[in-house]
Amino acid sequence: MTTIDIQKNVNPNFKVVWQSNKPYNVLKGGRNSFKSSVIVLKLVYMMIKYIMMGEKANVVVIRKVGKTIRDSVFNKVLWAISLFGLDNQFRATVSPFKIVHKRTGSTFYFYGQDDFQKLKSNDIGNIIAVWYEEAAEFNDAEDFDQSNVTFMRQKHKKAPFVQFFWSYNPPRNPYNWINEWVDSLRTADKYLIHEWFEDIKTNDNYLAHSSTYLDDKLGFVTEQMLEDIERIKQNDYDYYRYLYLGEAVGLGNQVYNMSTFHAIDSLPTDGDRHIIRNGYRAPTISYSVWRLWVDCKGQCDSVRYILLQPSRSSS
């Protein structure tokens, strides 16, 4: 095994990720922030510690679509193993996708969430970590909920918990589900919208981490890359903010200005009221149909009260 200097391979901004002992770790960031590289290096390092104790330890890596595995997370894990100088200690197969430590049987398992039955029925055991890469590609948080418990049940006996990682680039649409992902400890109002990423910052079980290419202090972003980033920045600043700063800048063609929507506890009893029903599919609005109760106060272009509620039907 090659001795590597982590400080030369992990930017200072990711020190808190590398040292994290929290069960749930959510990493968002723009392109070229190297969040995925940090996660995969940490996962290999975690497995190495068990291998050195003669223990079998397994890691699960999940993409939304199985056909994206080979050219993304599979090759990324091989890269990290090579960086540690362990190429000859592992063997890789592509049908199914697995990377196995020859002596202990410790394995990186790769799944596509689109084959949910296979994912749900896995019987791996000795799991120490799970990584959801490109988490914004998943349909909603239920994609995670449905499989997380399966992995938790198969925790390695020497691990305090299964450590989960999510990495994603925030979508343009601020109302995309992952930009408003609701914490598992939901309020009684199941439709109350929270900024999940901000919410978990106060949860001791979660690490919420943000990064951009500007956090690179080790020279991973080349001059050519910086020149191209600057070109995009000059030509389309909002696109630059979305692509490289990881900001949810909006679609530019939103049907409603959501910042003017105000939830109310009950319907007003005075004024002229109109019910507006409309339907939009994601990604414009997270839910398919909305009911709005508008108190116009005689001026329907000046909305005073709005009760915003997702409809239970699509009609």
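**View 1. I62 and its partner in strand β5.** In this predicted model, I62 stands opposite Y111 of β5. Strands β2 and β5 run parallel and are joined by 5 bridges.

**View 2. The hairpin of β4 and β5.** These two strands run antiparallel, with 3 bridges between them. K98 has Y109 of β5 as its bridge partner. The hairpin has 5 residues between its strands, and G105 in the turn has a positive phi of about 80 degrees.

**View 3. The two sides of β5.** T107, Y109 and Y111 point one way from the strand, while F108, F110 and G112 point the other way. Residues on both sides are buried. Because 6 of the 6 residues of β5 are buried, the strand is largely enclosed by the rest of the structure.

**View 4. Helix α3 and its surroundings.** Helix α3 covers residues 70-83, and its end C-alpha atoms lie 19 Å apart, which agrees with the 20 Å that its 14 residues should span at 1.5 Å a residue. V73, F74, V77, A80 and I81 are the buried residues of α3. Among the elements covering them are α2 (35-52), β2 (58-63) and β5 (107-112). After α3 comes G85, with a positive phi near 70 degrees.

**View 5. Stretches of low confidence.** The chain averages a pLDDT of 80, and 70% of the residues score at least 70. Over residues 182-195 the pLDDT stays under 50, and the model has 19 contacts for them beyond four places in sequence. Residues 274-315 also have a pLDDT below 50, with 99 contacts beyond near neighbours in sequence. Where pLDDT is low, predicted coordinates should not be read in detail.

Methods:
Residues numbered from 1 in each chain as written. Predicted model: local features only at pLDDT ≥ 70, side-chain atom pairs only at ≥ 80, totals over all residues. Heavy atoms only, no water. pLDDT = per-residue confidence, 0-100. Contact = heavy atoms within 4.5 Å. Helix = DSSP H or I, 4+ residues; strand = E, 2+ residues; numbered from the N terminus. Expected span 1.5 Å × (residues − 1). Buried < 20%, exposed > 50% of the residue type's maximum accessible area, 1.4 Å probe, protein only. Pairing = 2+ DSSP bridges.
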